[in-house]
Each structure stands twice: as C-alpha cells, then as structure tokens.
Amino acid sequence: MFKKIYKEIKKYQHIVIARHVGVDPDALASQLALKAAIELTFPDKYVLAVGNGSVKFSYLGKLDKWEHLDQFLLIVLDTPDKKRIDFADMDKASCIIKMDHHPFIEAYAGLEYIDEHATSTCEILMDFLEKMKFVIDTSVAMLLYSGLVSDSNRFLFDSCSPKTFALVSRYLQNYPFVLSEVYKPLYLRPLKEVRLEGYIAQNMKASDHGVAFIYLSNDIINQFGTDSAAAGNMINHFNFIDEILVWVVASDDLKNHNIRVNIRSRGPIVNKIAEKYYGGGHAMASGARVGSIEEVEALCAELEEITQDYIRRLETNED
Ligand code: AMP
C-alpha cells in the first residue's frame, strides 16, 4: 500500500493535505510533516495543508488557505469518517488517499492505509516516509515525534509497540533534536489550567463501579478563565486513579453550541458508546458532541452499564 500511495504523490503536481475537525497535535503535526517531506523531496510540487487551526497548537506551524486547484490529490490524515473531515471541497479531488490509525468506520478514499494498532498517524508517517525514502529534516522529525508523544500520552498507551520505539530510536539517531524543545510547547500550561484541574479533582463524582464524571458549565470555565478545549484536554490528567476505570469530562462549548464530551477508560471499550452520541475515537480514548446535559447523563448511564459488565466478566474469568 505504501508504494501505491507514493506513486500517487509522485504523479500529482497539486496536493492537498487535510485532517479531522477539532484539530489536535497528531492531526496537525502529521499534516505539516507530510507537507514538508513532500516539498523537500519534490521541490516542484504545490502542497497545501488545510483546515481550521487552533491558537493552542499554532507553535507546530502554519496552515494554508484553501485555493481552488485543478486536478489535485487529496490526502486525508487521522480521520476515519467523511463527516469529520475538515475540508469542504473533497468531492473536487481527482484522487483521495486516507492514512489513519483510528478503528475503521467507513471507506471514503480510493486508497486507504489504516493501522489501528499504531500509536498515532505520525507513527504511520514515520514508517511511510522512511520506507519510501522521502527527504526529511530535523523539523519534520520533531513534528512527527510531537504528534506521536501526544497521541500515545507520552508512551503510556498499550499501542506503543517495539515498532514504535524502533522508529523513534532511528529518527532520534538520524535527525537529533533536544527532547525538551518538543515537550516545552506541548506541556507548558498556564496556572489557571492547573487550578481548573484542581477543581475537577475536588468535584468529580465517581460511581461505586468506577465511572467518574464532571460537568464544566460555561460559568465554571469562565471562572477559571479557560475554554472548552482546555477543559476537555484535562481528561488526560486523570489516568491511573485506583477507584476510577472510566472517566468523563463534559464541558460547555458556546462557540459550537454544544457540549464537548471527552471519555477515557482503563478497561471497558468506550468508543461504541461514543458513536451512539455523535462521537467516536479509540477503544479507550473517545469523544462526542451532544446537545444537552440529559444526553450526557444518558451517555454516562450507558458507560456505567458497560463498566459493570466489564467488572462482572473480569470476576467470572478470575473464578
Ligand atoms: P479527545 O478526547 O478529544 O482527545 O479525543 C479522543 C479520540 O476521540 C480522538 O481519536 C478523537 O479523534 C476522537 N474524537 C473526539 N471527539 C470526537 C467526535 N465528536 N466524533 C468522533 N471522534 C471523536
């Protein structure tokens, strides 16, 4: 499949690289890294990285304005389904390629490379760029490392494999950079976010079976001077708590007129529930968007059910 993708990249003069709405570091870094690698390898090609940006991740690099192009190849990264692609003109593309690490939802491209066991789309690209002998430089390597570190939550997830570490090792060897230069912009955060984290720790409710939940209303978010995106990202700070198996942060998103729901798990498979609430994601890291607090409560009730099931099955197996 890598060879077929490479052939298409070689063939097209105009290439557009898109990814999912609600940009995150893996989606953005993979997009910018692939654009840079194509430009370094094929200096005559015209490549655009498109989609809405985010001030929070702007340190990774700049996106391009969409200009109408004739005969272009569209590469969609990190996006399992058509409705979440942050690019309105995909029907104008001459050819579409998908490269993704999410569980399969639907086919929308002529060529689809999916490895749901990879930590990140950046990891898939590390492999692809290396195998297809693209010209890359230290800044491309730093972007790819940033996305991988972010999506694996600093190598915490089971998706980190010997292949992950081997790729990272070779990239660090071949394109050396100072690790703290990646970590500083990725993890430096204002005190107000740490204070909000403290509020969540104090106020999160956990059920007897370990389903924890907090709702952050717009008033609370404003009180701490943060926003829905920052509030949602707090989800990653509540892993490895003994009494908690599944945890949910729901936060008002006034800009999008809905409630952002972030879900994480240390066992029960949560993405099937997220999909029922206009969301999706990975087995143990998912998200959704809902219209009311009642829907969040219904979602939590379903998470409670699957968690009880999960515990029951564990206990039965252990007997
Ligand atoms: P997050 O909690 O935003 O870090 O997202 C965790 C995972 O869930 C990522 O793979 C996201 O792409 C996916 N995800 C988050 N929100 C949604 C949504 N509304 N619809 C589908 N997938 C989502």
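Visitor: Where is R154 found?
Guide: In this predicted model, R154 is found in the loop that lies between α4 (138–151) and α5 (162–174).

Visitor: Why is R154 called partly exposed?
Guide: The relative accessibility of R154 is 47%. Buried requires a value under 20% and exposed a value over 50%; R154 meets neither condition and therefore counts as partly exposed.

Visitor: What is the phi of R154?
Guide: R154 has a positive phi of about 60°, although it is not a glycine. Most residues other than glycine have a negative phi.

Visitor: Which value of phi does H257 have, and where is H257 found?
Guide: The phi of H257 is near 55°, again a positive value in a residue other than glycine. H257 is found in the loop between β8 (246–253) and β9 (258–265).

Visitor: Why is H257 called exposed?
Guide: The cut-off for exposed is over 50%. H257 has a relative accessible area of 70%, so H257 is exposed.

Visitor: What makes a residue part of the group that surrounds the ligand?
Guide: One of its heavy atoms must lie within 4 Å of the ligand. In this model 15 residues surround the ligand, and the closest are H102, N262, R264, G279 and G280.

Visitor: How do you know that N262 makes a polar contact with the ligand?
Guide: A polar side-chain atom of N262 lies 2.8 Å from an oxygen atom of the ligand. The limit for a pair of N or O atoms is 3.5 Å, so this pair qualifies as a polar contact.

Visitor: Which atoms of G280 and H282 are paired with the ligand?
Guide: For G280, a polar backbone atom is 3.4 Å from a nitrogen atom of the ligand. For H282, an N or O atom in the side chain is 3.3 Å from an oxygen atom of the ligand. The protein covers 82% of the 480 Å² of accessible area that the ligand has on its own.

Visitor: Which strands supply residues to the shell around the ligand?
Guide: At least two residues each come from β9, β10 (280–282) and β11 (285–290). The largest share, 5 residues, comes from β11. By class, the shell has 3 nonpolar, 8 polar and 4 charged residues.

Visitor: Why is the span of helix α2 called close to the expected one?
Guide: Helix α2 (residues 25–41) has 17 residues and reaches 24 Å from its first C-alpha to its last. The expected span is 1.5 Å times one less than the number of residues, which gives 24 Å for α2, so the two values agree closely.

Visitor: What makes α2 mostly covered?
Guide: Of the 17 residues of α2, 14 are buried, each with a relative accessible area under 20%.

Conventions: Residues are numbered from 1 along each chain as its sequence is written. This is a predicted model: local features need pLDDT of at least 70, side-chain atom pairs count only at pLDDT 80 or more; totals for chains, interfaces and linings use all residues. Side-chain values use heavy atoms; hydrogens and water are left out. Helices (H or I, at least four residues) and strands (E, at least two) are DSSP runs, numbered from the N terminus. Buried means under 20% relative accessible area, exposed over 50%, partly exposed in between (1.4 Å probe, protein chains only). A polar contact is a pair of N or O atoms within 3.5 Å; within protein, one must be able to donate a hydrogen and the other to accept it, and residues adjacent in sequence count only if both atoms are side-chain atoms. Accessible areas come from the Shrake-Rupley method with a 1.4 Å probe; for residues, only the protein chains shown count as cover. Ala, Val, Leu, Ile, Met, Phe, Trp, Tyr, Cys and Pro count as nonpolar, Asp, Glu, Lys and Arg as charged, and the others, Gly among them, as polar.
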